[in-house]
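Let's take a walk through this protein together. Have the sequence and the 3D view open side by side, and follow along one stop at a time.

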Amino acid sequence: MKQSLLFFALTAISCSSFAYNVQFDAGFRSFDHDNNYIDQDYQADIKGKYYFDPVQIKNNPLNEAAFLGRNSNVYGGYAYRTIESQDYLTYDPLSTSTFYELARAKDEKDLHYFTGGLEYFHEQFYLNGEIGLGIVKIKSNIDSNYGSVRYKNDYNVTTYRALVGYMPISNLLIAAGVDGFSGDKYLDDETDFAAKIKYVMPIGQNGHYLNLEANGVFGDENNVIFTADYYLTHAFSIGSAYSLKDDDESNNNFLWFRSKYFVNENVAIGAEAGFSSGMNLFTVNGTFRF
């Protein structure tokens with residue numbers, strides 16, 4: 001009797017691992033700037049998704065199961081980024097001397113970004129709506145022979161995005177809409193045209209897949225990100241991405257290399273490295289599903 005109960009318990013656990021309703025993604029990113037101003041720049045983020053119907057893995061790549069299954073979901077995320085400058089010399093605002101005097105200064109910037117959204121699939125139609133709130137806090141500390149000065153500057157930014165799409169075949173999505181933001185102090189409101197294409201295709205008969213994506217925002221500045229991921233197995237992928245801006249400044253163009261591995265159907269680990277002429281970044285991340 002005990003062996004039978006154990007058998008059914010293990011069977012239930014095994015079956016449940018092939019479908020999930022909730023997914024959490026978390027990551028930590030380090031930015032390495034090629035300048036003499038920024039000393040430290042880090043970001044940590046977490047994102048959660050709830051799928052209205054269980055996501056069935058089937059024989060699809062584990063990382064693409066929800067897309068290929070057209071699973072509607074709601075999601076929310078939080079990202080925190082902190083940037084600190086190196087110590088530098090600036091004009092001393094407390095000086096009473098007729099001579100030009102210098103003081104030591106250091107700047108800090110903290111960014112909190114909250115997002116929430118909905119992805120909805122209905123037969124061949126697709127809808128994505130997202131709203132976000134960015135809270136920016138800037139501090140400047142100046143120390144001189146005459147005392148200390150602290151400057152603060154806080155402002156908020158509201159972001160929004162809405163896409164409507166169509167899937168002419170089960171593994172191809174074409175969507176378009178708007179992407180914009182509204183600032184409460186220094187940023188002018190802006191709404192741009194946005195477009196997205198995603199295509200997941202099998203390669204051969206060995207369970208290999210290829211994911212191709214393009215995401216673009218077109219307005220005063222055009223920004224397009226091209227992504228490709230090759231799945232050597234259902235659990236393991238290697239890929240790259242390229243971000244291109246139209247201002248023709250090489251330090252704004254970015255090249256990423258990334259990889260992700262599912263230890264099992266519920267847990268994955270990943271890493272990413274990005275390079276440009278002005279900055280490099282390194283990321284580690286993880287996924288948990290249940």
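Here is a tour that begins with the whole protein and then moves to single strands and residues.

First, a word on what you're looking at: this is a predicted model. The average pLDDT of the protein is 90, and 91% of the residues score at least 70. The stretch to treat with care is residues 1-17, where pLDDT stays under 50. For that stretch the model has two contacts beyond four places in sequence.

Now zoom out. The protein has 290 residues, and 35% of them are buried. Its secondary structure comes to two helices and 15 strands, so most of the tour will be about strands and how they pair. Along the principal axes, the C-alpha atoms fill a box of roughly 90 × 50 × 30 Å. About 16600 Å² of the protein is exposed, with carbon and sulfur atoms supplying 59% of that area. Look at the contacts with a separation of 6 or more, and you'll find that 51% of them link residues 24 or more positions apart.Start with strand E1, which covers residues 19-33. What does E1 pair with? On one hand, eleven bridges join E1 to E2, and the two strands run antiparallel. You can find the register by looking at Arg29, which stands opposite Gln43 in E2. The link between E1 and E2 is a hairpin with four residues between the strands. On the other hand, E1 also pairs with strand E15 (residues 279-289), again in the antiparallel sense and over eleven bridges. Here Asp32 stands opposite Asn280 in E15.

Next, jump to the middle of the chain. Strand E6 (residues 125-144) pairs with E7 in the antiparallel sense over 20 bridges, and the two form a hairpin with two residues between them. E7 then carries on to E8 through another two-residue hairpin, and that antiparallel pairing has eleven bridges. Thr159 is a handy landmark here: Gly132 stands opposite Thr159 in E7, and Thr159 in turn stands opposite Phe181 in E8.

While you're on E8, which spans residues 172-183, have a look at Gly183. What does Gly183 touch, leaving aside its neighbours within four places in sequence? The contacts are Asn156, Val157 and Asp189. Gly183 and Phe193 are ten residues apart along the chain, and their C-alpha atoms are separated by 18 Å.

Now turn to the surface. Tyr50, Phe52, Val74, Leu118, Tyr120, Leu127 and Val164 form a nonpolar patch there, with about 600 Å² of accessible area together. Two strands each give two or more residues to the nonpolar patch: E2 (38-56) and E5 (102-122). Val164 is one of the patch residues, and its place is in strand E7, which runs over residues 147-169. Is Val164 buried or exposed? Its relative accessibility is 56%, so Val164 counts as exposed; the cut-off for that is over 50%.

Two loop residues deserve a stop for their backbone angles. Most residues other than glycine have a negative phi. Lys58 goes the other way, with a positive phi near 55°. Lys58 is found in the loop between E2 and helix H2 (65-68), and with a relative accessible area of 67% it is exposed. Arg70 is another non-glycine residue with a positive phi, about 55°. Its place is in the loop between H2 and strand E3 (73-85). How much of Arg70 is accessible? Its relative accessible area is 23%, so Arg70 is partly exposed, falling between the buried limit of 20% and the exposed limit of 50%.

The last stop is Ser237, in strand E12 (residues 236-245). Ser237 has a relative accessible area of 5% and therefore counts as buried, the limit being under 20%. Which residues does Ser237 touch, not counting those up to four places away in sequence? They are Tyr230, Tyr231, Arg258, Ser259 and Lys260.

Technical notes
Residues numbered from 1 in each chain as written. Predicted model: local features only at pLDDT ≥ 70, side-chain atom pairs only at ≥ 80, totals over all residues. Heavy atoms only, no water. Patch = residues over 30% accessible without salt bridge, like charges linked within 9 Å, V, L, I, M, F, W, Y side chains within 5 Å. Areas by Shrake-Rupley, 256 points an atom, 1.4 Å probe, with all protein chains shown as cover. Salt bridge = Lys/Arg side-chain N within 4 Å of Asp/Glu carboxyl O. Buried < 20%, exposed > 50% of the residue type's maximum accessible area, 1.4 Å probe, protein only. Contact = heavy atoms within 4.5 Å. Pairing = 2+ DSSP bridges. pLDDT = per-residue confidence, 0-100.
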